[in-house]
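The following exercises are to be worked with the sequence and the coordinates at hand. Each task is followed by a solution in steps.

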Amino acid sequence: MKAKDIKKVLILDQGNPVAGQLLQKAAEVFGTDAVQYVVLKAHRTHNLVLTMMEETIREEAPELVLLGATALGEEIAPALGVRLGTGVAAHCVDIKVNEDGRLTFMIPAIGGRAVGEIFIPDAGSGRPAVATVKPGIFPQPEDVAFADKIPGCRIIDVDAMKEDGSIDPGEKVQGGFRMTQIVPRERSAGSITGADIILCGGYGLGSEGVWKKLKMLAQRLGGAAACTRAALDAEWGCSEDSMIGTSGKAVRPKVYIGFGISGAAHHLCGITGADTIISINNDKDADVFAASDYKGVFDAEQILDALLEMTE
């Protein structure tokens, strides 16, 4: 698919910041003059949103559909691909135009050790390319009313949330789950989302005891403690909410400090938005150093002990 052939982009607004991130990225890639943008606001059951998305796509005939890779988006995107008979690029870490003018979706591959290019061929009218992107991969627009600044951008609002927080499931729901209420989960003060300072531990920490030292240091610095998938699987006490990477969260701190992290692509794609990346690893050839602004070839626990002593 040639980027110049994109005349309309449809974005799903699930009621979280990722819609604004996708809209701003699309505007950067395609511009705001030659492309029409349509935002579908839908925060209901998966079955109902899928039906609404399919109907809207058939009516609007966009060439590209973008969704956040949330629990909702990850379920809807492949279903749309099947219903529309089109291609789906899942968990994109970037969307760009290559030297041939083709729309290119960048996807982690080979267990996160590389980033591959995905091309979705022209599928014809009513069969757009579909792509999902992890929240936080792209910057958030500073202007919350960013959509209003794009000429011709239309918002189709199909939400039906009542004042008491309950959801009108609509008449089209048949089978599946029915959402009855939305209860936002409270985030702890040490949440990695929005933190200016993040200390992240990998499997190279070696033990749960060292992870606890990292977490203590993060608290003293007024930051948040994060981990990699390998550290999470080791069951040292970190949680899914604190994991960074394609299967976790993407973050944009002012300072990111990694301890004992090898540098797999599926983790690095989650920290590309960090202003400054500092890495501590006892392997001088660790891949993470290539993506770091500053590096230290040291034992992670020794550095943590020294920093804890300095911050007492």
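**Exercise 1. The chain as a whole**

What does the accessible surface of the protein chain come to, and what percentage of it belongs to carbon and sulfur atoms? Describe also the secondary structure and the burial of the chain.

*Solution.* The model is a predicted one.

Step 1. The protein chain has an accessible surface of about 15400 Å², and carbon and sulfur atoms account for 50% of it.

Step 2. Of the 312 residues in the protein chain, 48% are buried.

Step 3. The secondary structure of the protein chain consists of seven helices and 14 strands.

Step 4. Take the contacts between residues at least 6 apart in sequence: 64% of these join residues at least 24 apart.

**Exercise 2. Strand 3 and its partners**

Determine which strands pair with strand 3 in the parallel sense, and establish whether its residues are buried or exposed.

*Solution.*

Step 1. Strand 3 covers residues 64-68, and five of its five residues are buried. Leu64, Leu66 and Gly68 point one way, while Val65 and Leu67 point the other way.

Step 2. Strand 1 (residues 8-13) pairs with strand 3 in the parallel sense over three bridges. Within this pairing, Val9 has Leu64 as its bridge partner.

Step 3. Strand 8 (residues 129-133) also runs parallel to strand 3, and five bridges join the two. Leu66 stands opposite Ala131, and Leu67 has Thr132 as its bridge partner.

**Exercise 3. From strand 8 to strand 4**

Examine the two faces of strand 8, then follow the pairing to strand 4 and describe the backbone at His91.

*Solution.*

Step 1. Five of the five residues of strand 8 are buried. Ala129, Ala131 and Val133 lie on one side, with Val130 and Thr132 on the other, and both faces are covered.

Step 2. Strand 4 (residues 88-92) runs parallel to strand 8, with three bridges between them. Cys92 has Val133 as its bridge partner in strand 8.

Step 3. His91 is found in strand 4. Its phi is near 55°, a positive value in a residue other than glycine. The relative accessibility of His91 is 26%, so this residue counts as partly exposed.

Step 4. Ala61 likewise deserves inspection: its phi is near 55°, and it too is a residue other than glycine with a positive value. Ala61 is found in the loop between helix 2 (46-60) and strand 3, and is partly exposed at a relative accessible area of 29%.

**Exercise 4. An open sheet**

In what order do the three strands of the open sheet occur, and is their pairing parallel or antiparallel?

*Solution.*

Step 1. The order is 5-6-7, and the pairing is antiparallel.

Step 2. Strand 5 (94-97) and strand 7 (114-118) are the edge strands, since each pairs on one side only. From one strand to the next, the twist averages 35°.

Step 3. Strand 6 (residues 103-109) and strand 7 are joined by five bridges. Met106 stands opposite Glu117 in strand 7.

Step 4. A separate side-chain arrangement involves Arg102, which lies over the face of Phe119 at 4.1 Å from the ring centre.

**Exercise 5. An aromatic pair**

How many aromatic pairs does a search of the whole structure find? Classify what is found and place it in the chain.

*Solution.*

Step 1. The search finds one aromatic pair.

Step 2. The ring centres of Tyr203 and Trp236 are 5.7 Å apart and the planes are at 10°; planes under 30 degrees apart count as stacked, so this pair is stacked.

Step 3. Tyr203 lies in the loop between strand 10 (197-201) and helix 4 (208-220), and Trp236 in the loop between helix 5 (229-233) and strand 12 (255-259). The pair therefore ties together parts that are 33 residues apart in sequence.

Step 4. Buried means under 20% relative accessible area and exposed over 50%. Trp236, at 9%, is therefore buried, whereas Tyr203, at 55%, is exposed.

**Exercise 6. Lys215**

Where is Lys215 placed, and how is its accessibility classed?

*Solution.*

Step 1. Lys215 is in helix 4.

Step 2. With a relative accessibility of 38%, Lys215 counts as partly exposed.

Step 3. Lys215 and Leu199 are 16 residues apart in sequence, and their C-alpha atoms are 7.7 Å apart in space.

Methods:
Residues are numbered from 1 along each chain as its sequence is written. This is a predicted model: local features need pLDDT of at least 70, side-chain atom pairs count only at pLDDT 80 or more; totals for chains, interfaces and linings use all residues. Side-chain values use heavy atoms; hydrogens and water are left out. Helices (H or I, at least four residues) and strands (E, at least two) are DSSP runs, numbered from the N terminus. Buried means under 20% relative accessible area, exposed over 50%, partly exposed in between (1.4 Å probe, protein chains only). Contact means heavy atoms within 4.5 Å. Accessible areas come from the Shrake-Rupley method with a 1.4 Å probe; for residues, only the protein chains shown count as cover. Two strands pair if DSSP finds at least two bridges between them. Rings of Phe, Tyr and Trp (its six-membered ring) pair if their centres lie within 6.5 Å; planes under 30 degrees apart count as stacked, over 60 as edge-to-face and the rest as tilted. A charge sits over a ring if NZ of Lys or CZ of Arg is within 6 Å of the ring centre and within 35 degrees of the ring normal. Axes are lines fitted to C-alpha atoms, for helices over the stretch in contact, and angles run from 0 to 180 degrees between N-to-C directions.
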